[in-house]
Amino acid sequence: SGVGVVALLIGLVSSTIGDKIEDLRKGRSPVIDEKHTLILGYNEKVFAILRELREANSNQKSASIVILSETDKEEVENTVKERMGDMGPTRVVVRQGSPFSVHDLRKVGAGRAKSIVIISGDATEEGADEAADMNAIKSLLALRRINGALSKNHAVVELADAGRQPVIEQLGGGGVEVVAMAETLSRMMVQTARQNGLAAV
């Protein structure tokens, strides 16, 4: 009986530890950081944002960036490590989940974040712009249900269609800055034509 009880306890402990390790590996555990930068979404644009944040945090003792996306956690971590190399005092934390799920946004500490960046998907198919903008709207609606989000932090939302900017700003309640990429690129092209050398910048 004693051997059976001990074996049962060992099995329960082993199973519990295995489940916890699996949760950590899959990115299901909650984020305990505060005053971090939260990036919702994952694509090629993430690396340009990470480079700028690494430079901005270079004079800090410690800083953290949290990436929440539906892409596999291990894939994102390996790609970030390969593409970015040494991040200095900035620590990158990756979690797998939906950017427009209230539960997943609470898990990554959206209410405690210093700033939130919502990036749109890559427009590779017809109607992708509209779908990406709708995802941004769904993310904002989910953030509105979290205490502290959009009121105690600053959010930047990337849009494909500038016509949806008033809707996004209204949903954000004054705590959201909108970047409409098509309009921004058009303005940059005109300014490049007017100011010699701006294209290099």
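## Briefing: a parallel sheet, its helices and its salt bridges

Leu 198 sits in the segment that follows helix 7 (181-194). Keep in mind as you browse that this is a predicted model. At its heart for this briefing is an open sheet of 6 strands with parallel pairing, and the structure also holds 7 salt bridges. Here is a tour, topic by topic.

**Around Leu 198**

- Leu 198 has a relative accessible area of 34%, so it counts as partly exposed.
- Setting aside neighbours within four places in sequence, Leu 198 touches Gln 191 and Thr 192.
- For a sense of distance, Pro 166 is 32 residues from Leu 198 in sequence, and their C-alpha atoms are 30 Å apart in space.

**The sheet**

- The 6 strands are arranged in the order 3-2-1-4-5-6, and the sheet they form is open.
- Strand 3 (90-96) and strand 6 are the edge strands, each pairing on one side only.
- From one strand to the next, the twist averages 15°.
- Strand 1 (residues 37-40) runs parallel to strand 4 (residues 115-118), and 4 bridges join the two.
- Within that pairing, Leu 40 has Ile 118 of strand 4 as its bridge partner.
- Strand 5 (residues 154-159) and strand 6 also run parallel, joined by 5 bridges.
- Leu 159 finds its bridge partner in strand 6, namely Ala 180.

**The two faces of strand 6**

- In a regular strand, side chains alternate between the two faces of the sheet.
- Strand 6 (residues 176-180) shows this alternation: Val 176, Val 178 and Ala 180 point to one face and are buried.
- Glu 177 and Val 179 point to the other face and are not buried.
- Ala 180 thus appears twice in this story: it is one of the buried residues of strand 6, and it is the bridge partner of Leu 159.

**Helices on the sheet**

- Strand 1 and strand 4, joined by 4 bridges, are both touched by helix 2 (residues 45-56), which packs on the sheet and also touches strand 2 (63-69), strand 3 and strand 5.
- The direction of helix 2 makes about 170° with that of strand 1.
- Helix 3 (residues 73-84) packs on the sheet as well, touching strand 2 and strand 3, and its direction makes about 155° with that of strand 3.

**Salt bridges**

- Side chains of opposite charge can pair when their charged atoms come close.
- Glu 44 and Arg 83 meet through their side chains in a salt bridge, at 2.4 Å from N to O.
- This pair links distant parts of the chain, 39 residues apart: Glu 44 is in the loop between strand 1 and helix 2, while Arg 83 is in helix 3.
- Glu 44 is partly exposed at 49% relative accessibility, and Arg 83 is partly exposed at 41%.
- Asp 133 and Arg 164 form a salt bridge between their side chains, at 2.6 Å from N to O.
- Here too distant parts of the chain are linked, with Asp 133 in helix 5 (residues 128-143) and Arg 164 in the loop between strand 5 and helix 6 (165-172), 31 residues apart.
- Asp 133 and Arg 164 are both buried.
- Lys 107 and Asp 104 form a salt bridge whose closest N and O atoms are 3.8 Å apart.
- Both of these residues belong to helix 4 (residues 102-107), where Lys 107 and Asp 104 are 3 residues apart, about one turn of the helix.
- Lys 107 and Asp 104 are both buried.

**A nonpolar surface patch**

- Val 5, Leu 8, Leu 9 and Leu 12 make up a nonpolar patch on the surface, with about 400 Å² of accessible area together.
- Leu 12, one of these residues, is found in helix 1 (residues 2-26).

Key. Residues are numbered from 1 along each chain as its sequence is written. This is a predicted model: local features need pLDDT of at least 70, side-chain atom pairs count only at pLDDT 80 or more; totals for chains, interfaces and linings use all residues. Side-chain values use heavy atoms; hydrogens and water are left out. Buried means under 20% relative accessible area, exposed over 50%, partly exposed in between (1.4 Å probe, protein chains only). Two strands pair if DSSP finds at least two bridges between them. Axes are lines fitted to C-alpha atoms, for helices over the stretch in contact, and angles run from 0 to 180 degrees between N-to-C directions. Contact means heavy atoms within 4.5 Å. Patches are made of residues with over 30% relative accessible area and no salt bridge: like charges are joined within 9 Å, nonpolar side chains (Val, Leu, Ile, Met, Phe, Trp, Tyr) within 5 Å. Accessible areas come from the Shrake-Rupley method with a 1.4 Å probe; for residues, only the protein chains shown count as cover. A salt bridge is a side-chain nitrogen of Lys or Arg within 4 Å of a carboxyl oxygen of Asp or Glu.
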